[in-house]
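Visitor: Could you take me through one part of this model up close? I'd like to hear about the sheet and whatever packs against it.

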Amino acid sequence: MNKLGYRPLGVLLLLLVIYFPLFLHLGKLPIAVWDESLFALRALHLFQEGSYMYNFNYYQDLPNHQNTKLPFTTFFQVLGYHLLGVNELAVRLPIVAIFLVSQGYLIYYFHKYFNTLWPGVLMMLILVASNGFVQPHMLRTGDQDTAFAMYLVLGVLFFYNYVHFGKTGFLWAFVIAFLAALLTKNLLAGIIGPGLLLYIILEGKAGELLKKKNIYLALAVIIAVYGGTLWYFEIQQSGFIQRMWEYELMGRYSNIIEGHSGGPMYYFYELMEGIPIFIYPAIFSLLILWEDRAPKHLKSLVLLLWCVSLSYAVIISMSETKTMWYTAPLYPFTALLSGLSLWYVYKYYLIKKARSWKWVCAGLTIALYAIVYFNTVGSNFNPKPKPYEKGEKYGLFLKKLDRSHSEYTDFVIIDNNFGTSAFFYKEMYNRKDSKYNIQYQRTIEVEVGTRVMSCLNNVLHPIDQQYEFRVLEEYDGCQLIEVTGFKD
């Protein structure tokens, strides 16, 4: 079989490998309390009303929690609702799609500018086998950190092309990608800036670039779009910028928010655990900078990736608030460095100097990859064993009732914790089928004859003390009951 004959088989194998970590049970896992459910409700409001929601208390009985997340990536999730209806898959699939489209472009990019597909392919394979990147709050959820990470990677490559080819189109592609990141995760996007500046200084391009008017025009466009967006939201909701600054930005940088803390090496250890064996080829890529045989354009790209990675890592490590999902951009940067390193070793050492060993090395690499890959797939294969938070169990309980064609379709969910996941499922099932009439409330008081669903002890215990009831259905600590009277 010639090389052309192997290509369809290779594509099929690649699709098979990425399917399990990305898509398996993607729509079955419950919407997580806090961030994922908040993103789901942001998109729901935009889907329903066509406008930005400034506070989650817009929805009856949800807590007073101001919304200052910028909405760029939310538009894709709204599109998911239009195409798939209001459900878990519609919230998550757009994030996976952004990842896949970005990776598809990266494979094309390396084929066009480096005359090889392998760095892009290896990067994708590494990312889908990295449990830290596939875990909750990352690729397989409705959280937007993965989308943010991919926007930054694309922006960095467009910047690289502009610096070395000088075409204005690459500069405007960088502006678009950077604005996408900025209008998704706010000024967090800007912390790659010192890395970009360091890179053009080390490359000796600073003087040349600073003389170009297009650089200043591009900077003006970024400032105008970002500033105009904030100004619009401030006009619509007074105090928006102050809340955003104190809670989303500097408040998190200078203070520990919601107990998310860690030492100066927190993110390094997160990355070591999340992208285990693949971090070593990434570190090895530093040696390419001193390799005489390495092509100049490869050295230049490796230098850029290290500059932006270190810029991002150092600045987030100085923040008082530390969360594992802030590492999101470091995963694709590390995976790309690792992919470039593996490709370089194979091309310049194994093929040319160690032909007899290349198949042995390839076999060992595949075996190591398989171990890590199946460990990652295993953690996502079966959604049931995970010890979900109580507020996340409504999705699983409702699915169980729906599959069994339960007659109980008219009830109230009582959740007096944050409640956003419960509220999402109320909206989801009421929209899914007209037979459902699910209400949501935070208070314990109900009338006799009311059916109540809750997964919280601080709801079920007070009900047990105040009311007579009969249990209609149960699931993993959750109950659907019917109140039959008051206790004396």
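Guide: Here is a walk through the sheet, with a short stop at the pocket afterwards. Bear in mind that this is a predicted model, where local features need pLDDT of at least 70, side-chain atom pairs count only at pLDDT 80 or more, and totals for chains, interfaces and linings use all residues. Residues are numbered from 1 along each chain as its sequence is written, and side-chain values use heavy atoms, with hydrogens and water left out.

So, the sheet: five strands make an open sheet with mixed pairing, in the order 2-1-3-5-4. Strands here are DSSP runs of E with at least two residues, helices are runs of H or I with at least four, and both are numbered from the N terminus; two strands pair if DSSP finds at least two bridges between them. At the edges sit strand 2 (437-441) and strand 4, each pairing on one side only. On average, neighbouring strands of this sheet are turned by 30 degrees against each other, direction ignored. For such angles, axes are lines fitted to C-alpha atoms (for helices, over the stretch in contact), and values run from 0 to 180 degrees between N-to-C directions.

Now zoom in on strand 4 (residues 467-475) and strand 5 (residues 478-486): they run antiparallel and are joined by eight bridges. Along this pair, F469 stands opposite V483, and Y475 has C478 as its bridge partner. The hairpin has two residues between the strands, and D476 takes a positive phi near 45 degrees there.

Next come the helices. Helix 18 (residues 393-403) lies across strand 1 (410-414), strand 2, strand 3 (451-454), strand 4 and strand 5, and runs at about 80 degrees to strand 4. Helix 20 (residues 457-466) also packs on the sheet, touching strand 1, strand 3, strand 4 and strand 5; contact means heavy atoms within 4.5 Å. The direction of helix 20 makes about 145 degrees with that of strand 4.

Last, the pocket. A pocket is an open set of points on a 1 Å grid over the protein atoms alone, where a 1.4 Å probe fits, with protein on both sides within 12 Å along at least five of seven lines; lining residues have an atom within 4 Å of a point. The largest pocket is lined by 48 residues, with W118, V121, L122, L125 and Y346 nearest its centre. Helix 1 gives the largest share of that lining, 13 residues.
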